[in-house]
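This report is written for a reader meeting the structure for the first time. It follows the protein chains, the two DNA strands and one pair of helices in turn.

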Number of protein chains: 2
Amino acid sequence: MADIKPSANPLFLREEELRQGMELLFYAYRDFTAEPDAMLAQYGFGRAHHRVIYFVGRYPGSTVSDLLAILRITKQSLSRVLGQLVREGFVTQTPGPRDRRQRLLNLTPKGEELERRLSENQRALIARAYREAGAEAVEGFRKVLLGMIEERDRAKFERTGYPGPVPIRRPG
Amino acid sequence: MADIKPSANPLFLREEELRQGMELLFYAYRDFTAEPDAMLAQYGFGRAHHRVIYFVGRYPGSTVSDLLAILRITKQSLSRVLGQLVREGFVTQTPGPRDRRQRLLNLTPKGEELERRLSENQRALIARAYREAGAEAVEGFRKVLLGMIEERDRAKFERTGYPGPVPIRRPG
DNA sequence: TAAATATGTCAATATGGCTGACATAAAACC
DNA sequence: GGTTTTATGTCAGCCATATTGACATATTTA
């Protein structure tokens with residue numbers, strides 16, 4: 001034991017580096033969600049409601065299928081949460097114009113207001129971290145996270161120089 | 001609408017950039033936890049068990065209080081999960097030598113084996129992303145995430161050049 | 001017309017979080 | 001030595017969020 005010099009042990013350093021990455025993600029996510037969770041609790045909502053509100057706000061006119069693909073939860077889990085949001089007037093459902101089976105989802109003004117309050121908090125957290133870390137670090141942050149997510153979701157993050165996300169591909 | 005040039009609208013670009021950051025975090029965390037969640041399900045465990053196994057493996061001899069501070073859950077929530085892990089032989093509890101009220105937590109060989117299987121998967125995911133993004137990007141990734149986490153937890157991530165986490169401060 | 005798709009819904013189940021109250025043992029303090 | 005604080009555990013009850021599997025309906029596509 002005593003004769004193992006750490007600097008002579010690149011594998012240990014490597015594992016340490018990777019574990020730090022794992023933990024950074026854990027802590028960041030923990031702190032990233034803490035305040036919104038507290039806000040949501042005032043409405044009797046949880047993190048699942050937040051995700052639905054966020055992504056419907058982000059991609060107006062999303063369908064249930066779109067959300068299922070993003071959130072990776074079951075139809076039933078989404079249904080309960082979405083049903084609540086619709087009943088309580090945060091989200092509207094309108095039949096799809098081309099495919100009338102679809103229910104296009106949108107935020108009501110009330111929904112937009114809540115979305116804004118929630119994401120404002122998170123944007124401020126990220127904005128501060130970005131500002132302190134600098135533009136180059138932000139590039140690295142993006143690059144590493146992009147490499148961690150499933151290939152099929154990466155297209156959402158192309159840099160177009162134009163505001164707004166890449167619209168959801170809707171065949172038909 | 002038509003006369004707003006995106007490039008003349010730095011605030012929109014700024015918000016878009018921040019939202020992309022939020023979403024990158026969401027997708028990365030989603031994909032980071034997907035496979036371990038599936039493994040854990042085979043044992044009848046969930047993500048909470050994973051976190052306990054991970055941090056006990058990472059900081060052997062942790063106390064219940066240490067875990068509570070890291071995980072930010074209640075004693076009762078931890079107790080249920082920890083109790084299961086102890087009963088099923090993944091974690092041991094031994095009285096603290098200096099403070100006998102404490103129960104120092106450690107992984108059994110069985111616990112270490114599970115920890116290894118779980119974190120191996122996540123380390124591989126991060127390793128690939130690190131490799132593809134390059135050392136400079138990794139620095140940026142660390143820097144931004146560090147800026148997002150609570151100040152008091154940042155000390156855990158000092159670069160000592162020596163393998164192993166900064167030991168848990170244990171007063172007394 | 002038949003098959004596939006988008007969505008909804010029901011029942012049952014499990015995990016993981018919460019609060020609040022209470023208990024014990026040990027350490028720390030005066 | 002006596003009091004207070006700390007570390008931990010436990011009980012009962014509650015709620016949010018996820019699961020599976022089965023089934024139903026409307027609509028589109030082949």
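A residue is taken to be near a strand if one of its heavy atoms lies within 4 Å of that strand. The model described here is predicted, and each value below is computed from it.

**DNA strand D**

By that cut-off, 26 residues surround DNA strand D, and those that come nearest are A:G46, A:R51, A:S77, B:S65 and B:R101. Among the atoms of DNA strand D within 4 Å of the protein, 59% are part of sugar or phosphate, while the rest belong to bases. The elements that each supply at least two residues of the surface near this strand are α2 (47-58) and α4 (75-87) of chain A, together with α3 (64-71) and α4 (75-87) of chain B. Which element gives the largest share of the surface near DNA strand D? It is α2(A), with four residues. Sorted by class, the surface near DNA strand D holds three nonpolar, twelve polar and eleven charged residues.

**DNA strand C**

Around DNA strand C there are 25 residues, of which A:S65, A:K75, A:R101, B:G46 and B:R51 come nearest. Of the atoms of DNA strand C that come within 4 Å of the protein, sugar and phosphate account for 58%. A polar side-chain atom is involved at B:H49, where it lies 3.1 Å from a phosphate oxygen of DNA strand C. Two or more residues of the surface near DNA strand C come from each of α3 (64-71) and α4 of chain A, and likewise from α2 (47-58) and α4 of chain B. The largest share, four residues, is that of α2(B). By class, the surface near DNA strand C is made up of three nonpolar, eleven polar and eleven charged residues.

The table lists distances from a backbone N or O atom of a residue to a phosphate oxygen of a DNA strand.

| Residue | DNA strand | Distance |
|---|---|---|
| A:G46 | DNA strand D | 3.1 Å |
| A:A48 | DNA strand D | 3.3 Å |
| A:R100 | DNA strand D | 3.3 Å |
| B:G44 | DNA strand C | 3.5 Å |
| B:G46 | DNA strand C | 3.1 Å |

**The two protein chains**

How are chain A and chain B related? Chain A is superposed on chain B by a rotation of 180° with 0.0 Å of shift along the rotation axis, and the RMSD is 0.0 Å. This is the relation of a two-fold axis. Within chain A, the C-alpha nearest that axis belongs to A:F141, which is 1.9 Å from the axis. The same surface serves both copies, since 100% of the contact residues of chain A recur in chain B.

**A helix pair in chain A**

Two packed helices are described by the angle between their axes and the distance between the axes. For α2(A) and helix α5 (residues 109-133) of chain A, the angle is about 105° and the axes are 10 Å apart. Because of that angle, α2(A) is roughly perpendicular to α5(A). On the α2(A) side, the residues that meet the other helix are A:H50, A:I53 and A:Y54, and on the α5(A) side they are A:G111, A:L114, A:E115, A:L118, A:S119 and A:Q122. The residues of this contact divide into four nonpolar, four polar and one charged. Thus α2(A), which gives the largest share of the surface near DNA strand D, also packs with α5(A).

Conventions:
Residues are numbered from 1 along each chain as its sequence is written. Chains are lettered from A and ligands numbered from 1 in the order in which they are written. This is a predicted model: local features need pLDDT of at least 70, side-chain atom pairs count only at pLDDT 80 or more; totals for chains, interfaces and linings use all residues. Side-chain values use heavy atoms; hydrogens and water are left out. Copies are superposed by least squares on the C-alpha atoms of residues with pLDDT of at least 70 in both. Contact means heavy atoms within 4.5 Å. A polar contact is a pair of N or O atoms within 3.5 Å; within protein, one must be able to donate a hydrogen and the other to accept it, and residues adjacent in sequence count only if both atoms are side-chain atoms. Ala, Val, Leu, Ile, Met, Phe, Trp, Tyr, Cys and Pro count as nonpolar, Asp, Glu, Lys and Arg as charged, and the others, Gly among them, as polar. Axes are lines fitted to C-alpha atoms, for helices over the stretch in contact, and angles run from 0 to 180 degrees between N-to-C directions. Angles under 35 degrees count as roughly parallel, over 145 as roughly antiparallel, 65 to 115 as roughly perpendicular and the rest as oblique.
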